[in-house]
Amino acid sequence: MGYVAPIFNHQEKQPSIRRQQRRRFTKNAEEKRRRSSSSSTLIRDKTTTTTTTTTTWPQQQATTQNWTTEVDRRRALNEDDKDDDSNHSEETNNTTPIRIHFVTSLLDKRRGESTEMDQFLENLESTYLPTAAARWRRHLRVKHPVQGGYVIEVEPDVCGGIYLDQTTAMLTTSSSSSTLLSIANVDLVILVSVQDELYNIDNPSEPEVVCHPGSGALAVASACSLDSTDDRPVIGFINWCYRPPTSSSSSSSSSSTNNTNTTTETTTATLQKSFLPPLNVPIRTVQPDLTGAALHEIGHVLGFAAWLYKYFRHDDGTPRTSRPFADNPSPVMCADGQTTETMVWPSSNTLITVVDSTTNKRSFLIASPRVNKVVQNHINCPSLLGAELADESTACVGSHWSERFFLGEIMSPALSSASQNVLSALTLALMEDTGWYRVDYQTAETPVFGLAAGCDFVQYDCIENDVVPKWGQGMFCQSPLRFDSATNALTLDSLQNSLDCDVSHQSWTVCDLWDVDNAPTGIFVSSNSSSSSSSSSTTMTIPEDTIRYFSNPSLVSLYPLTESCPLPLRPLGVDCIGDDKNKNTNNNNYPYTPFYPGEQFGSTSRCISASYQEPQSTSTSTSSWVKRPACLPIRCHEHLRKVILEIEGVGYICQYDGQVITLSSSASSSSDPTITQTQFTCPRFLAVCPELVGCPGSCSGRGTCVFGGSSTSSSSSSSSSSSQCVCNSGEPQNPGCFPFYRPPPSTMSSPTQSPVVLVNPGTLRPTRISLETSNQEKGSSAPATIANTWVSTLLMAMTMMTISPILLLL
């Protein structure tokens with residue numbers, strides 16, 4: 001029924017670093033290197049040996065040598081460029097879109113285990129990895145690409161020898177070279193595996209467990225070899241912990257690798273069983289979007305890792321942190337404020353520490369110039385010092401963005417079906433501030449969470465005086481889940497108060513706020529992964545560091561990554577994006593019967609708060625309103641700057657956030673003939689049309705975003721004018737201060753469908769307007785944007801992920 005995963009409990013360690021020397025070798029020098037038995041891996045001249053060329057994905061080829069079998073060559077998976085934008089012209093300043101090469105021969109040990117595993121491995125090679133690589137390729141260009149006859153060499157003890165038990169067997173006995181692979185025409189090599197344990201070169205009899213049973217972690221990844229010219233990662237690995245469900249997994253008691261999260265899955269299942277049957281909604285399990293997980297893990301290999309911060313460089317290539325590094329660095333205090341770790345600390349132009357004078361809470365912020373400017377522009381708080389990193393219990397310094405401030409960003413620790421999961425300008429700014437890449441911000445996606453929220457969002461608690469403050473409305477929640485002690489079902493009041501839409505209006509959710517004195521049977525939440533308590537226990541164990549914001553100390557959120565702030569983040573399996581969002585899962589043809597008039601799933605649909613009026617009761621002679629969200633198509637009107645709810649061919653204009661549109665039975669055609677009236681509550685304009693609120697690409701970190709009108713007001717549906725970037729002097733002067741800019745194509749209206757009547761609910765005087773069907777990119781989950789009397793083809797690029805409900809990544 002979905003699952004909620006605890007944090008991945010694997011202590012992050014800096015891997016053994018290997019330098020890829022960028023230099024050419026003559027044949028004599030190469031022979032001398034072999035005889036010296038040096039273990040260092042090298043970027044070397046590919047012309048020194050005979051090579052075998054293997055063409056993998058379109059327009060890209062990888063050159064490899066010393067493969068042991070033909071199947072190895074076939075599985076040298078290069079980047080899928082089928083989604084690449086042909087309009088992204090190559091730059092002349094020695095930069096090229098990044099070329100990522102996946103080595104998948106390590107997957108062989110898992111082939112043949114089951115039909116499900118084989119299908120997963122096939123999807124991994126053909127879809128998840130190449131699609132994610134194409135996304136990064138669209139945004140990143142390598143400043144110093146591997147070219148001019150150089151190759152990347154992979155040695156058997158690559159990545160600290162974590163695969164040494166397999167790589168040594170891959171070397172041919174007749175080969176005189178100790179090199180496992182030599183790969184040309186690529187900038188980054190990523191080894192891909194699906195293993196629970198990795199080889200421990202220091203103690204081979206005790207392999208390192210990286211995929212703990214029941215952890216719910218999808219994968220672990222790291223860079224492990226750096227280019228000697230600029231420290232850019234050139235080799236890394238991704239090890240997948242995800243295991244596809246099998247037909248026998250539910251009955252097998254010995255399958256520690258098959259998923260799973262018994263405790264937290266029971267929690268979500270109980271919620272679904274409590275909510276959905278009374279609402280006549282079928283329960284379904286939503287499988288994770290592994291393309292999104294691949295996108296996240298590649299981000300770690302590219303540079304988003306705590307141990308890599310000290311290697312970041314300025315735009316001119318000079319190090320941000322002084323070299324050489326100290327031989328005996330001083331101990332530093334970790335995020336928990338109790339433990340210390342001896343490490344080279346990055347310069348203050350990269351990482352800073354902020355200590356809360358009231359709570360003594362220690363936070364680490366990325367303070368590099370473009371990251372700092374992007375986060376100021378996104379939140380609309382010019383006094384911010386940087387972007388806060390997650391407080392990770394398994395690491396001294398975080399390698400993810402803080403979920404409290406950047407929920408829905410692809411590089412935050414968790415992926416959820418009940419939030420956005422987007423590659424935003426914030427992560428792209430970090431990539432640019434590494435000094436290794438030039439970045440294209442024009443198609444960066446915009447997170448809803450925290451957008452234009454102002455400095456209060458950062459400076460104050462999410463709950464004040466037991467309620468969500470005005471600036472936090474639409475992001476946080478305050479309605480606790482309460483259960484009937486006799487039936488273990490949620491009470492009617494709890495159902496009515498808790499059931500709502502998530503922050504980005506994709507899914508049905510409930511508020512993650514629990515009354516620990518009212519735990520239902522079948523739910524057990526443990527702060528200790530080694531707990532021996534049964535999942536049927538009614539005791540709820542709350543982490544000791546859980547922050548309690550309410551005067552009633554029994555009310556807590558069980559999602560610690562957001563500093564225990566309650567969020568509408570517990571999904572129920574109803575996703576309004578529907579099949580358009582779930583193309584990589586087995587949930588197509590979801591059997592949902594429309595309940596409200598005009599209700600439908602699709603890329604332009606969003607979850608809308610709604611309720612309906614039941615007929616009068618014979619005993620009370622009164623009617624009651626029942627809350628039940630709706631999935632309705634919406635439009636973002638670029639000229640009016642308003643949300644339009646489309647209901648059976650009629651567009652109802654939302655004049656302000658929270659406006660209630662009431663339809664009588666004569667204007668409604670609900671599937672239930674006994675319903676007399678329906679009410680739809682207009683969503684926040686900011687939440688469903690973020691690209692019309694924030695500045696494009698947060699001004700690429702090269703300017704200041706001037707928010708239009710009253711965009712930060714929770715009572716207004718929109719700003720009176722659009723937000724605009726004021727680009728810094730010397731930076732590109734275009735709408736987003738984009739370093740790479742392609743003017744959008746001009747479009748003309750050409751109606752292709754029946755006109756839709758637009759109605760102002762305040763006057764009910766219709767104005768007929770033609771809504772042209774947009775040429776949306778396949779798979780886009782953004783609502784269409786209306787410009788005057790036509791649908792703009794400049795669509796919002798919000799790619800939603802379908803991990804249900806919460807999965808955490810390292």
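**Disulfides and a charged surface patch**

Cys-695 and Cys-705 are joined by a disulfide, with 2.1 Å between their sulfur atoms. The model is a predicted one, and this link comes out right-handed, at 85° about the S-S bond. Distant parts of the chain are linked here: Cys-695 sits in the loop between H13 and strand E37 (703–706), while Cys-705 belongs to strand E37 itself, ten residues apart. As for solvent, both Cys-695 and Cys-705 are buried.

That bond has plenty of company, since a total of 13 disulfides turns up in the structure. Another of them pairs Cys-654 with Cys-682, where the sulfur atoms lie 2.1 Å apart. Here the torsion about the S-S bond is -85°, which makes the link of Cys-654 and Cys-682 left-handed. Cys-654 is in the loop between strand E34 (650–653) and strand E35 (660–664), and Cys-682 is in the loop between strand E36 (677–681) and helix H13 (685–688), so this disulfide ties together parts 28 residues apart in sequence. Both Cys-654 and Cys-682 are buried as well. Helix H13 therefore shows up twice in this part of the story: the loop holding Cys-682 runs from strand E36 to helix H13, and the loop holding Cys-695 runs between H13 and strand E37.

Next comes the disulfide of Cys-381 and Cys-455, whose sulfur atoms are 2.0 Å apart. With 105° about the S-S bond, this one is right-handed. Cys-381 is placed in the loop between helix H8 (369–379) and strand E21 (387–388), whereas Cys-455 is placed in the loop between strand E23 (437–439) and helix H11 (456–459), so the bond ties together parts that are 74 residues apart in sequence. Cys-381 has a relative accessible area of just 1%, so it counts as buried, the cut-off for that label being under 20%.

Out on the surface, the picture turns to charge. Four acidic residues, Asp-336, Asp-391, Glu-544 and Asp-545, come together there as a patch of negative charge. Of these, Asp-336 can be placed in the loop that connects strand E17 (331–333) with strand E18 (340–342). How exposed is Asp-336? Its relative accessibility is 41%, so Asp-336 counts as partly exposed; that label covers values between the 20% limit for buried and the 50% limit for exposed.

Key:
Residues are numbered from 1 along each chain as its sequence is written. This is a predicted model: local features need pLDDT of at least 70, side-chain atom pairs count only at pLDDT 80 or more; totals for chains, interfaces and linings use all residues. Side-chain values use heavy atoms; hydrogens and water are left out. Patches are made of residues with over 30% relative accessible area and no salt bridge: like charges are joined within 9 Å, nonpolar side chains (Val, Leu, Ile, Met, Phe, Trp, Tyr) within 5 Å. Accessible areas come from the Shrake-Rupley method with a 1.4 Å probe; for residues, only the protein chains shown count as cover. A salt bridge is a side-chain nitrogen of Lys or Arg within 4 Å of a carboxyl oxygen of Asp or Glu. Lys and Arg count as positive and Asp and Glu as negative; His and the chain ends are not counted. The place of a charge is taken as NZ of Lys, CZ of Arg, CG of Asp or CD of Glu. Helices (H or I, at least four residues) and strands (E, at least two) are DSSP runs, numbered from the N terminus. Buried means under 20% relative accessible area, exposed over 50%, partly exposed in between (1.4 Å probe, protein chains only). A disulfide is a pair of cysteine sulfur atoms within 2.5 Å.
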